[in-house]
Amino acid sequence: MSDQVFRYGPQRYATGQLSRALTAIARAGANKAERRRAEAKAQRWREVLDGLTSGRVTVGSRTPVADLPAWVTLEVTHGGFTTGRALAEAPLTQDEAERLADLPAEVPGDNPRERLDLWYLGDAGQAELLEALRIGHYRIQLPEHAALPVVALLLDKGFPEQALDLVAELRPHMSRLRFTPAFDPVARPSGAAVRVATVGEAADGLRAVRTPEQLTLMHATIEVWTPLYERLVALWCAIVDGDLPSLDRTGTVTGGLPGSTLPPHWMHERARWLADFESARGSHEFRGRHAHRKSNFARLHEALLSDTNELSPRQIDRVRRALANTVARHGEPGSAARQSARAEQAAAIAAPLYTDFAGVLVTRIERFPADGGLPSLDPVTTPIGADDRVAIADGTAIPQHLQDKAIRALEAPADELVRRGIIGSGEVLAAVLPQLTSRLLAADIADPVAASLYEQLYTAFRQRRSLLLLDLQHQVRFDELPWVTALNALRTLAGKSTGGTGPVQPGGGSAARRLLRQTALLAIESFPEAVLPNPLVREFQTLAQQAGLRVPLVEEVAADIFMGTFTEKWRAAAIIASRTLAGTLYQRYYDLPSADEWRTGARSEIRWGKATATDFTELCARRAVEAGTRHDYVARNGALLEQSQILTTHNLAVLVDALDLGEQLRESAPDLANRTFDRIIQRLSQPAHGHAALIQVKNAAYAWRQGVFLLSYCDFATQTGQIDRLIDQRAAPRLEPAVAGLAHIVTGGRFVRNGLEPNGTGRRLLGWAVGRHWYFG
């Protein structure tokens, strides 16, 4: 692998990630949940390293595991590294083991997985699959799980040739991968709304709620150890001759001595206390003030372990001192003062714990299908009532942060989820959009059984994590799955099978365009300060293809894996940006070339079998000099990639142009620009150091670019008003050169060499710098 791909090499990167995971394990301490997560992460990075060092995994390839085809869903970790394990390569579930035990002995196969997969190719297995598909009692959790159901449907609908071709593709992997769905006694809910999480996922999140460690310790002390302590004090007080020990004004212990006489049953009570103490230690960690080695509890417990007739004078003195301390502070056992003190302690922990409220919410939402969503907020927001049957006062409100965990399962239109804050970023919007896209793509499959399977299959595919790819390779596309191609035999056009390799929807094209327009506007208007994340861009590409639109949408590329060139769609996107933004604030601020310049200077070459835009790459490189010229290839790549985003507006101009969003954007742009620049000021006002500070400035500059784009759809008065707002805020004084630079362009000026205004006061804000960024002085 070229040293232009990774600064330190993939093995060193993976080693660093493993080291971080091991550090997280050490820091987790007694937090079992955090420790389990860190241990799982460490194990994945161990597997990544094992694959790299053994040569079993090739980083940067679409087929990183030599014996697995590209369509196999791999386990992928941070940064696009794979452990080399196929997610469908999993041990048999309990249901599968039970099904395997019932199979006839003559079912072939060299291992349990192969026997099960082959069983579902037989008549009885096919009938079992078809019945589950017809009544909807199945779940497609991985794309591979739909493969044999597609075979069953093809055979049932009279497409044996396509079914046999698909089986031939799957057969070499049947001993290793699961090609059947999970069977479920409840049908999967469907509808036009979307949800961020299923009811089952929300319930799992609530079950993971833990009581803060200090509160847990307080409860254990008051509920477990203090009652034992009270019994322990009473035991010793019962064998004191004369008055109970107490403290005089000088702190001297006065009163009787313990241990000279024993009341009836005292030895039995002693043995019972010791047994109860050991039992409590078995279920609760003995921590807190009682556990301190010099505490009254510890001294009385230590003495109780000895025979009372054999107590040394030192031990007797310690017992007297301990009894005197507790009597002086809280009163004698059974006294009103002591009972009042313990009642106050109990009252202090009487409030319900978060785990109690979480349990109420779990019980409420589990009344709905686990794979579905919540039809309303009533089960979440309703205060505690008699129907909850818990020891919490009726009318008590459930804490908001716990409601938020459950509300993630609310099923509603995407814009409503954005309004409620449930969809809080473009990444989350990208995660829910496949729920709508899948229904649209399945709309021309006449058979409802096949359409439902297609929906689940598409949604499962969109959950695949992207691999780290080099040499301009693209991620596996949905229609590259062999069973997706085969399933297209059931896709209809005017009542006839298309027999094609992709979706054909003359009636669905307008619906796809409408959905793309709605979601593009939703993303821009809901998160104006954020660039469109790659998963959302990919979903937009799918919708654009379905709508018959040739839209050159471009992805964000990581600086450390940039291959030094761009495909021609980047130039196409830049031409659209130059054309639609000609004469605007954005064009002047970033010195965009004209559309004619792009066309007359277009030059391409073939690299890795793809046409690349040489002129676009060279222009980005020339413009990136503004960021500096030191020999830091990641920073140089970052600066060059930032110029590619500037020239293309990172999809904003392309979407506005293709979807006719200009008029609507002019109406909302003033408010969106205000929100964007306010967010920039807020972001820069947060303390950050080291690498975090660099990321902070980079993200602020990217948001600044979004803000300049939005201001380009505003009139001059709005633009100057925004400058005045930025000057008046004075929340980020180090940003003043950028504000001055923007003001210079708004009033008709231009930047000169290196993004400076002629008098040198203002300057263009960029996120990347090769060397020290001017923002840091």
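Here's a quick tour of one helix pair and two single residues. Keep in mind that this is a predicted model. The helix pair is H6 and H19, which pack with their axes 11 Å apart. The two residues are His330, which is buried, and Glu34, which is partly exposed.

**How H6 and H19 pack**

- Two packed helices are described by the angle between their axes and the distance between the axes.
- H6 covers residues 147-156 and H19 covers residues 448-461, and the angle between them is about 160 degrees.
- Angles over 145 degrees count as roughly antiparallel, so H6 is roughly antiparallel to H19.
- As for handedness, H6 and H19 make a left-handed crossing.
- On the H6 side, the residues that meet H19 are Pro149, Val150 and Leu153, and their partners in H19 are Val449, Ala450 and Leu453.
- Sort the residues of that contact by type and you get six nonpolar, no polar and no charged.

**A look at His330**

- You'll find His330 in helix H12, which spans residues 313-330.
- His330 has a relative accessible area of 17%, and because buried means under 20%, His330 counts as buried.
- Setting aside neighbours within four places in sequence, His330 touches Ser335, Ala337, Arg338, Ala341 and Arg342.

**A look at Glu34**

- Glu34 sits in helix H2, made up of residues 32-54.
- With a relative accessible area of 38%, Glu34 comes out as partly exposed.
- Glu34 and Ala24 are 10 residues apart along the chain, and their C-alpha atoms are separated by 8.2 Å.

Technical notes:
Residues numbered from 1 in each chain as written. Predicted model: local features only at pLDDT ≥ 70, side-chain atom pairs only at ≥ 80, totals over all residues. Heavy atoms only, no water. Helix = DSSP H or I, 4+ residues; strand = E, 2+ residues; numbered from the N terminus. Buried < 20%, exposed > 50% of the residue type's maximum accessible area, 1.4 Å probe, protein only. Contact = heavy atoms within 4.5 Å. Axes fitted to C-alpha atoms, helices over the stretch in contact; angles between N-to-C directions. Parallel < 35°, antiparallel > 145°, perpendicular 65-115°, else oblique. Left-handed = near helix turned anticlockwise from the far one by under 90°. Nonpolar A, V, L, I, M, F, W, Y, C, P; charged D, E, K, R; others polar.
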